[in-house]
Amino acid sequence: MSADSSAKNTVAIAKRLGADVGRLHFGGASHVYNPLSYAWPAQRIYLRRFGACKGRVLLLGMNPGPWGMAQTGVPFGDVVMVRDWMGIEAPLAPPLPEQHAKYPIAGFECHRREGSGSRLWGWARDRFGDAEEFFARFFVWNYCPLLFLKDGRNLTPEKLRREEEEPLVAACNKALKELIEALEPVAVVGVGRYAQRRAEEVVGEAVAVDYLPHPSPASPAANRGWAGLAEKALAPWLP
């Protein structure tokens, strides 16, 4: 399979995933954002530009942050890092979902920074220089593409009602399995324990699964030096 075919595959997988989760209902959340719908233009650029190579390490995140992928469509997608380092910028594609007043969707006009994204992509920029150098070795994908809000805060997928979580997990597992078949990663690294557990469920013994602490500013360990944690966890695949 050519690199162009692999990129087309990742685009198709993401598009199907966005449609599959878009048909689900989540009464336990007050607001649900699906950036694979309204932020699809930037997500498509990301996949076409960086989603083609086989044999890399797949870094698997959990789900979008309100100031990251929820704005840009890119996993851990801090606006500044996506626009200035990756060179990706695209308009939103209406209609937008019903928005929470605390978490408006402004796309690349958003002036808030995504703490996890600025930390992860900032490390990648400092370590590799050019985005192409990083993506020659790694690819980043979010297991779940939906942002859930409840009581003015993020609601993580594992906190959903069981009857809502099960069909979501089925759709996300299917997409992850397809992605792994398309990209044939040498390893999958869960960014956080949730992503690690989901990866282990999907790949079984077929691909090695490792763990990288989440770069969230809410994590005391990450705040003590996440770059060092990344260097240690990813050492087998770093230049």
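This is a guided tour of a predicted model, with a suggestion at each stop for what to select.

**The nonpolar core**

Begin by selecting Tyr46, Met86, Trp121, Phe134 and Trp141, which touch the most other members of the largest nonpolar core, a set of 86 residues. Then add helix α8, residues 162-183, which supplies the largest share of this core with 10 residues. Keep tryptophan 141 on screen and show its surroundings: leaving aside neighbours within four places in sequence, this side of the core brings tryptophan 141 into contact with Ile13, Ala14, Leu17, Leu47, Leu58, Leu59, Leu60, Gly61, Pro75, Ala175 and Leu179.

**Tryptophan 40 and helix α3**

Next, select helix α3, residues 40-50, where tryptophan 40 is found. Tryptophan 40 counts as buried, because its relative accessibility is 8%, and the cut-off for that label is under 20%. Apart from neighbours within four places in sequence, tryptophan 40 is in contact with Val11, Ala14, Lys15, Pro35 and Leu47. If you also pick leucine 92, which lies 52 residues away along the chain, you will find the two C-alpha atoms separated by 7.5 Å.

**Aspartate 78 and its arginine partner**

Move on to the loop between α4 (69-72) and α5 (79-85), which is the place of aspartate 78. Is aspartate 78 buried or exposed? With a relative accessibility of 0%, aspartate 78 counts as buried. Show side chains here, and look for the polar contact of 2.8 Å between the side chains of aspartate 78 and arginine 113. Beyond its neighbours within four places in sequence, aspartate 78 is in contact with Trp67, Gly68, Arg113, Glu114, Gly117 and Ser118.

**Helix α6**

Now select residues 115-128, which form helix α6. Its 14 residues should span 20 Å at 1.5 Å a residue, and the end C-alpha atoms are indeed 20 Å apart, so the expected and modelled spans agree. Colour Ser116, Gly117, Leu120, Trp121, Gly122, Trp123, Ala124 and Phe128, which are the buried residues of α6, and then display what they pack against, namely α3, α5, α7 (131-135), β3 (138-142) and α11 (226-233). After α6 comes glycine 129, with a positive phi near 80°.

**Strands β1, β4 and β5**

Select β1 (residues 31-33) together with β4 (residues 147-150), two strands that run antiparallel and are joined by three bridges. Within this pair, valine 32 has phenylalanine 148 of β4 as its bridge partner. Adding β5 (residues 153-154) brings in another antiparallel partner of β4, joined to β4 by two bridges, with leucine 149 opposite asparagine 154 in β5. Two residues lie between the strands of the β4 and β5 hairpin, where aspartate 151 takes a positive phi near 55°.

**Helix α9**

Go next to helix α9, residues 193-203, and highlight Tyr194, Ala195, Gln196, Arg198, Ala199, Val202 and Val203, which are buried. Their cover includes β2 (57-61), α8, β6 (187-191) and β7 (208-212). Glycine 204 follows α9, and its phi is positive, near 60°.

**The cysteines**

Finish with the cysteines, bearing in mind that the structure holds zero disulfides. Cysteine 110 is in no disulfide, and the nearest cysteine sulfur, which belongs to cysteine 144, is 20 Å away. Cysteine 110 counts as buried because its relative accessibility is 10%, whereas cysteine 53 is partly exposed, with a relative accessible area of 40%.

Conventions
Residues are numbered from 1 along each chain as its sequence is written. This is a predicted model: local features need pLDDT of at least 70, side-chain atom pairs count only at pLDDT 80 or more; totals for chains, interfaces and linings use all residues. Side-chain values use heavy atoms; hydrogens and water are left out. A nonpolar core is a set of buried Ala, Val, Leu, Ile, Met, Phe, Trp, Tyr and Cys residues joined through side-chain atoms within 4.5 Å. Buried means under 20% relative accessible area, exposed over 50%, partly exposed in between (1.4 Å probe, protein chains only). Helices (H or I, at least four residues) and strands (E, at least two) are DSSP runs, numbered from the N terminus. Contact means heavy atoms within 4.5 Å. Two strands pair if DSSP finds at least two bridges between them. A disulfide is a pair of cysteine sulfur atoms within 2.5 Å. A polar contact is a pair of N or O atoms within 3.5 Å; within protein, one must be able to donate a hydrogen and the other to accept it, and residues adjacent in sequence count only if both atoms are side-chain atoms. The expected span of a helix is 1.5 Å times one less than its number of residues.
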